[in-house]
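Biologist: I should be grateful for a close look at the sheet in this model. Please describe how the strands are arranged and what is packed around them.

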Amino acid sequence: MKTGYIYILKCSDGTFYTGSTTDLERRLAQHEAGEGSKYTKQRLPIELSYSEEFDRIDFAFYREKQIQSWSRKKKLALIEGRLNDLPVLSKKVFRRRVSDTSIRLLRNHSVTLEDTDIECP
């Protein structure tokens with residue numbers, strides 16, 4: 001199988017584009033010429049922020065899909081080499097929302113939101 005690469009481009013609007021290819025230099029030239037993808041064509045100029053090389057293109061493709069699902073903060077940690085931060089940035093943060101009914105119940109029972117750890121929407 002062919003060698004594969006994943007890459008992360010920083011677009012002119014500050015967003016990131018993640019892709020995979022068997023020829024990184026050719027693919028970057030395509031993006032810079034506005035022929036790489038519709039997304040990057042509308043956000044030129046672009047710059048290469050990060051890349052990885054793999055023994056097989058299918059490994060690169062799998063990694064591309066993995067990184068595409070990441071948050072911007074997690075992608076930035078990867079680009080900046082803060083690999084120890086990646087596990088923490090993988091954790092989903094859940095916040096409780098307070099419904100109108102809950103707020104009425106709290107008011108009726110003389111409990112204030114300051115007495116709780118609940119955040120109001």
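**The sheet and its surroundings**

Modeller: Strand S2, residues 16–21, is mostly covered, with 5 of its 6 residues buried. This is a predicted model, and confidence should be stated at the outset. The mean pLDDT of the protein is 86, with 76% of residues reaching 70 or more. Strand S1 has the highest confidence, at a mean of 98, whereas helix H6 (residues 100–108) has the lowest, at 61.

The pairing of the strands comes next. S2 runs antiparallel to strand S1 (residues 4–10), and 6 bridges join the two. Within this pairing, Ile8 stands opposite Thr18 of S2. S1 and S2 form a hairpin with 5 residues between them. In the turn, Gly14 has a positive phi of about 90°.

S1 also pairs with S3, again in the antiparallel sense, over 7 bridges. Here the bridge partner of Leu9 is Leu48 in S3. The result is an open sheet of 3 strands in the order S2-S1-S3, with antiparallel pairing. S2 and S3 stand at the edges and have a single partner strand each, so one side of each is left without a neighbour in the sheet. From one strand to the next, the twist averages 15°.

Two helices lie across these strands. Helix H1 (residues 24–32) lies across S1, S2 and S3 and runs at about 30° to S1. Helix H3 likewise lies across S1, S2 and S3, at about 30° to S1.

The nonpolar residues can now be placed. In soluble globular proteins, nonpolar side chains tend to be buried together. The largest nonpolar core in this model has 11 residues, among them Ile6, Ile8, Phe16, Tyr50, Phe54, Ile67 and Trp70. The elements that give two or more residues to this core are S1, S3 (47–54), H3 (57–68) and helix H4 (72–79). A second, separate core has 7 residues, including Tyr7, Leu9, Cys11 and Ile46. Leu9, the partner of Leu48 in the sheet, is thus a member of the second core, whereas Ile8, which stands opposite Thr18, belongs to the largest one.

Ala77 is also part of the largest core. Leaving aside residues up to four places away in sequence, Ala77 touches Arg82, Leu83, Asp85, Leu86 and Leu89. Of these contacts, Leu86 is itself listed in the largest core.

Charged residues complete the picture. Side chains of opposite charge can pair when their charged atoms come close. The count of salt bridges comes to 6. One of them joins the side chains of Glu52 and Arg63, at 2.9 Å from N to O. Glu52 lies in S3 and Arg63 in H3, so the pair ties together parts that are 11 residues apart in sequence. Both Glu52 and Arg63 are buried.

Another salt bridge is formed by the side chains of Arg56 and Asp58, at 2.5 Å from N to O. Arg56 counts as partly exposed, at 32% relative accessibility, and Asp58 is partly exposed at 29%.

Two of the residues touched by Ala77, Arg82 and Asp85, also form a salt bridge, their closest N and O atoms being 2.6 Å apart. Asp85 is partly exposed, with a relative accessible area of 30%, and Arg82 is partly exposed at 33%. Together with Glu80, Arg82 and Asp85 are linked in a network of salt bridges.

How values were computed:
Residues are numbered from 1 along each chain as its sequence is written. This is a predicted model: local features need pLDDT of at least 70, side-chain atom pairs count only at pLDDT 80 or more; totals for chains, interfaces and linings use all residues. Side-chain values use heavy atoms; hydrogens and water are left out. Buried means under 20% relative accessible area, exposed over 50%, partly exposed in between (1.4 Å probe, protein chains only). Helices (H or I, at least four residues) and strands (E, at least two) are DSSP runs, numbered from the N terminus. Two strands pair if DSSP finds at least two bridges between them. A nonpolar core is a set of buried Ala, Val, Leu, Ile, Met, Phe, Trp, Tyr and Cys residues joined through side-chain atoms within 4.5 Å. Contact means heavy atoms within 4.5 Å. pLDDT is the predictor's confidence in each residue, from 0 to 100. Axes are lines fitted to C-alpha atoms, for helices over the stretch in contact, and angles run from 0 to 180 degrees between N-to-C directions. A salt bridge is a side-chain nitrogen of Lys or Arg within 4 Å of a carboxyl oxygen of Asp or Glu.
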